[in-house]
Amino acid sequence: MPDEPLVLGIETSCDETGVGIVRGHTLLADALASSVDQHARFGGVVPEVASRAHLEAIVPTMQRALDDAGVTLRDIDAIAVTAGPGLAGALLVGVAAAKGYALAAEKPIYGVNHLAAHVAVDTLEHGPLPEPAVAMLVSGGHSSLLLVDDLTAGVTPLGATIDDAAGEAFDKVARLLGMGFPGGPVIDRTARDGDPRAIAFPRGLTAPKDLATHRFDFSFSGLKTAVARWVEARERSGEPVPVADVAASFQDAVCDVLTAKALDACREHGVETLVIGGGVAANSRLRLLAEERAAKAGVRVRVPRPQLCTDNGAMVAALGSHLVAAGVAPSPLDLPADSAMSLTSIAVAG
Ligand code: KG4
Ligand code: ZN
């Protein structure tokens with residue numbers, strides 16, 4: 001296998017059908033079809049709708065990626081696919097497609113972990129990841145802090161959300177402010193016109209007694225409730241709701257806790273690199289605050305550009321390429337989709 005393997009990655013764990021192609025750390029194609037508009041009126045992703053959309057999009061998205069990269073399936077060294085975690089039916093579409101392509105073209109297949117792929121994608125922008133590193137994954141389904149000693153072998157979870165994920169909090173708060181779905185981008189935009197210090201919303205799990213047991217864990221459910229109560233009180237009193245201030249103050253509460261805990265984890269483990277991934281890593285306030293605080297702590301922050309932070313096929317290809325280059329054995333062709341795949345498993349073992 002070459003040092004710079006040509007790897008194709010397929011992502012279908014949620015509402016984005018993604019096919020990416022990389023050579024080593026170089027991105028050649030990143031084709032994406034999203035079903036987000038079909039979920040908007042429900043205020044969240046509807047699994048059956050997502051599965052059907054993947055079925056319709058997978059073949060054309062695959063073709064687009066191959067065309068964009070100017071390669072054929074025959075040129076590919078390995079196929080990587082998200083095996084989990086994610087929506088069971090949605091994962092199945094990608095895994096079944098990957099198996100079909102792998103079988104037809106006689107290529108090795110790697111069933112990979114979606115969360116580890118969110119970390120690996122940064123190598124496409126910033127080159128090999130220095131290890132050890134601390135990774136913070138903040139998406140619609142997950143908020144975790146991880147210690148990355150060796151991304152090919154497994155990562156050590158340091159903490160995670162005990163209730164809502166960070167992206168989920170953005171989506172729920174946007175919904176109660178009547179802003180639509182997904183909430184993150186619209187709150188990000190609206191917050192630019194607001195004052196982040198206008199309302200003192202709670203910072204979950206940061207009190208000394210909580211830090212003793214949940215130092216690297218997150219909680220966003222109390223914050224969401226606090227925003228709901230604050231808005232209700234305003235509406236009851238007949239005063240207008242200052243939407244931009246609420247958005248900015250809520251966003252600041254989330255980003256304050258995320259960055260404080262991530263840098264605390266770097267300090268505790270003597271780590272000088274923090275990589276941030278997942279959809280919420282696209283947040284402009286989070287990126288700015290992380291940069292500011294990391295600079296003070298002597299930590300280098302690596303955050304991929306926003307298009308690579310949200311779900312895509314390139315991240316799966318990036319992790320696949322890393323595994324191939326490290327000589328990791330491929331997964332068996334009958335690999336399962338595992339909706340609850342644990343982070344201790346980076347790829348389905350061969
Ligand atoms: O990683 P991702 O695309 O899918 C999952 O694996 O969940 O993350 C989607 C989440 C959504 O909750 C969305 O609201 C949030 O990422 N998000 C953002 C931003 N862009 C997307 N949250 C805050 N600020 C943003 N700019
Ligand atoms: Zn994701």
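This short presentation describes a zinc site and a neighbouring topic, the surroundings of ligand 1, in a predicted model.

Good morning. I shall begin with the metal. The zinc ion, which is ligand 2, is coordinated by three residues: His114 and His118, each through NE2, and Asp311 through OD. The coordination distances run from 2.0 to 2.2 Å. Along the sequence, these donor residues follow the spacing H-x3-H-x192-D. Histidine 118 belongs to helix H4, which covers residues 114-120. Aspartate 311, by contrast, sits in the loop between helix H12 (306-309) and helix H13 (313-325). With 193 residues separating them, this pair links distant parts of the chain. Both histidine 118 and aspartate 311 are buried.

What is the geometry of the site of the zinc ion? The angles among its four donor atoms range from 94 to 151 degrees. The site is classed as irregular because four donors count as tetrahedral only if all angles lie between 85 and 135 degrees, and the square planar criteria are not met either.

I turn now to ligand 1. It is surrounded by 20 residues, and the closest are Gly140, Asp171, Gly184, Asp188 and Gly279. Three contacts to its oxygen atoms deserve mention. A polar side-chain atom of aspartate 171 is 2.7 Å from an oxygen atom of the ligand. For glycine 167, a backbone N or O atom lies 3.1 Å from an oxygen atom of ligand 1. In histidine 114, a side-chain N or O atom is 3.4 Å from an oxygen atom of ligand 1. On its own, ligand 1 has 550 Å² of accessible area, and the protein covers 90% of that area.

Histidine 114 therefore appears in both parts of this account: His114 coordinates the zinc ion through NE2, and the side chain of histidine 114 makes a polar contact, as a pair of N or O atoms within 3.5 Å, with ligand 1.

How values were computed: Residues are numbered from 1 along each chain as its sequence is written. Chains are lettered from A and ligands numbered from 1 in the order in which they are written. This is a predicted model: local features need pLDDT of at least 70, side-chain atom pairs count only at pLDDT 80 or more; totals for chains, interfaces and linings use all residues. Side-chain values use heavy atoms; hydrogens and water are left out. Donors are N, O and S atoms within 2.8 Å of the metal (3.2 Å for Na, K and Ca); water is not among the atoms, so sites may look incomplete. Four donors count as tetrahedral if all angles lie between 85 and 135 degrees; four count as square planar and six as octahedral if opposite donors are over 155 degrees apart and all others between 65 and 115; anything else is irregular. Helices (H or I, at least four residues) and strands (E, at least two) are DSSP runs, numbered from the N terminus. Buried means under 20% relative accessible area, exposed over 50%, partly exposed in between (1.4 Å probe, protein chains only). A residue is near a molecule or strand if one of its heavy atoms lies within 4 Å of it. A polar contact is a pair of N or O atoms within 3.5 Å; within protein, one must be able to donate a hydrogen and the other to accept it, and residues adjacent in sequence count only if both atoms are side-chain atoms. Accessible areas come from the Shrake-Rupley method with a 1.4 Å probe; for residues, only the protein chains shown count as cover.
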